[in-house]
Amino acid sequence: MTETTLPPQHQNRQPGIESEMYPLPESLGGNYHSCRKLEDKVAIITGGDSGIGRAVAFCYALEGADVVIAYLDETEDAVATKKMVNHIGKECVCLAGDVGDIHFCQRIIDETMSHFGRLDILVNNAGEQHVQSDFENITVEQLERTFRTNIFAYFYLAKLALPHMKPGSSIINTSSVTAYVGNPRLIDYSSTKGAIISFTRSLARHLAQRGIRVNAVAPGPIWTPLIPSTFPAEDVQTFGGDVPLQRPGQPREVAPCYVYLASDDASYITGQVLHPNGGTIING
Ligand code: NAD
Ligand code: MG
């Protein structure tokens, strides 16, 4: 860690709440220029209420897509995202529930199809992480829950979405830099993020013949509700200080990766990972 970058703060429950963060995360920069790259497409974004998912929902709407956002229970954050999307003139369907439950995943797909009649982009992005400084103290319950939310849900949604996806559709999964460099206090979480990379590569190869692309984004330290709801206040203060760019990234600096991967600009890209991580070299 190099320097203090953020006011110390902690939220006692996960998922965290974006409106309680100070400073607020930046969902969109003033210099983002949309080119209608996703005109009339329909995207599902899990964890789309806040953080990276909110910025993706906003950018997708600016690019001409309607969105379905799924989130655990942060209704106030979801309503704020919906307002941002509606303000641009696009639709935003909000669905609260546990993506680790396959029945909720089925509901996400059913409501998307009944409301919009099509599905072009699946962004698997919901995630949770729980600090445990002693590996031996990671409970079976925590291990199973983290795997259910972070990787089982990605499988479920891909499996249920695919019957509705046509050639040209794409799936984008959120991994993490921890998949490559590890994290001694987030061993279960990093393991799920590594699984997401292998899932992405294997599914991409499997779906290549169907013209459906599968890619991943592996962010570094990004200022989102996940951070104050995961780490103690003193760690939040120096969050992101140890990457080459010496600061945390903002959601608006990550979302364009998801636009690119979903758009036709990435038509020759599948099974790959983009790394908005502040300069950490990961060789992967
Ligand atoms: P965030 O808290 O804004 O988003 C995570 C979202 O996941 C929450 O909004 C929550 O509604 C949803 N979620 C969690 N458990 C769920 C469940 N069981 N069912 C349904 N939804 C659930 O934080 P974020 O940082 O934007 O996280 C988005 C993704 O980015 C996560 O997969 C996270 O692991 C990944 N990521 C974040 C960072 C970072 O530094 N913020 C770094 C690398 C990867
Ligand atoms: Mg949230």
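A helix crossing is right-handed if the near helix is turned clockwise from the far one by less than a right angle, and left-handed if it is turned anticlockwise. Keep that in mind for α4 and α6, because α4 passes α6 in a right-handed crossing. The model shown here is predicted.

Stay with this pair for a moment. Helix α4 spans residues 140-161, and α6 spans 187-207. Their axes come within 9 Å. The two axes cross at roughly 15 degrees. Angles under 35 degrees count as roughly parallel. That is why α4 is roughly parallel to α6.

Now turn to α1 and α2. Helix α1 covers residues 51-62, and α2 covers residues 75-87. The axes of α1 and α2 come within 9 Å and cross at roughly 15 degrees. The cut-off of 35 degrees applies here too, so α1 is roughly parallel to α2. The crossing of α1 and α2 is right-handed.

Helix α4 has another partner, α3. Helix α3 runs over residues 102-116. The axes of α3 and α4 lie 9 Å apart, and the helices pack at an angle of about 40 degrees. An angle between 35 and 65 degrees counts as oblique. Helices α3 and α4 are therefore oblique to each other. Their crossing is right-handed.

Next comes the ligand. Which helices each supply at least two residues of the shell around ligand 1? They are α1, α4 and α6. The ligand has 31 residues around it. Asp49, Ser50, Glu74, Tyr189 and Thr224 come nearest. What is the make-up of the shell around ligand 1? It divides into 15 nonpolar, twelve polar and four charged residues.

Look at the polar contacts one by one. Ser50 is among the residues that come nearest to ligand 1. An N or O atom in the Ser50 side chain is 2.6 Å from an oxygen atom of the ligand. Ile222 uses its backbone: a backbone N or O atom lies 2.8 Å from an oxygen atom of ligand 1. Gly220 also contributes a polar backbone atom, 3.3 Å from an oxygen atom of the ligand. How much of ligand 1 does the protein bury? Taken alone, the ligand exposes 810 Å², and the protein buries 97% of that.

Finally, go back to the segment before β1. Strand β1 itself covers residues 42-46. Most residues other than glycine have a negative phi, and most peptide bonds are trans. Check three places against that background. A cis peptide bond joins Gln14 and Pro15, with omega about 0 degrees. Pro15 lies in the segment before β1. The bond from Tyr22 to Pro23 is also cis, and its omega is near -5 degrees. Pro23 lies in the segment before β1 as well. Then there is Arg36, which is not a glycine yet has a positive phi, near 55 degrees. Arg36, too, lies in the segment before β1.

Technical notes:
Residues numbered from 1 in each chain as written. Chains lettered and ligands numbered in written order. Predicted model: local features only at pLDDT ≥ 70, side-chain atom pairs only at ≥ 80, totals over all residues. Heavy atoms only, no water. Near = heavy atom within 4 Å. Polar contact = N/O pair within 3.5 Å; in protein donor to acceptor, adjacent residues only side chain to side chain. Areas by Shrake-Rupley, 256 points an atom, 1.4 Å probe, with all protein chains shown as cover. Helix = DSSP H or I, 4+ residues; strand = E, 2+ residues; numbered from the N terminus. Nonpolar A, V, L, I, M, F, W, Y, C, P; charged D, E, K, R; others polar. Axes fitted to C-alpha atoms, helices over the stretch in contact; angles between N-to-C directions. Parallel < 35°, antiparallel > 145°, perpendicular 65-115°, else oblique.
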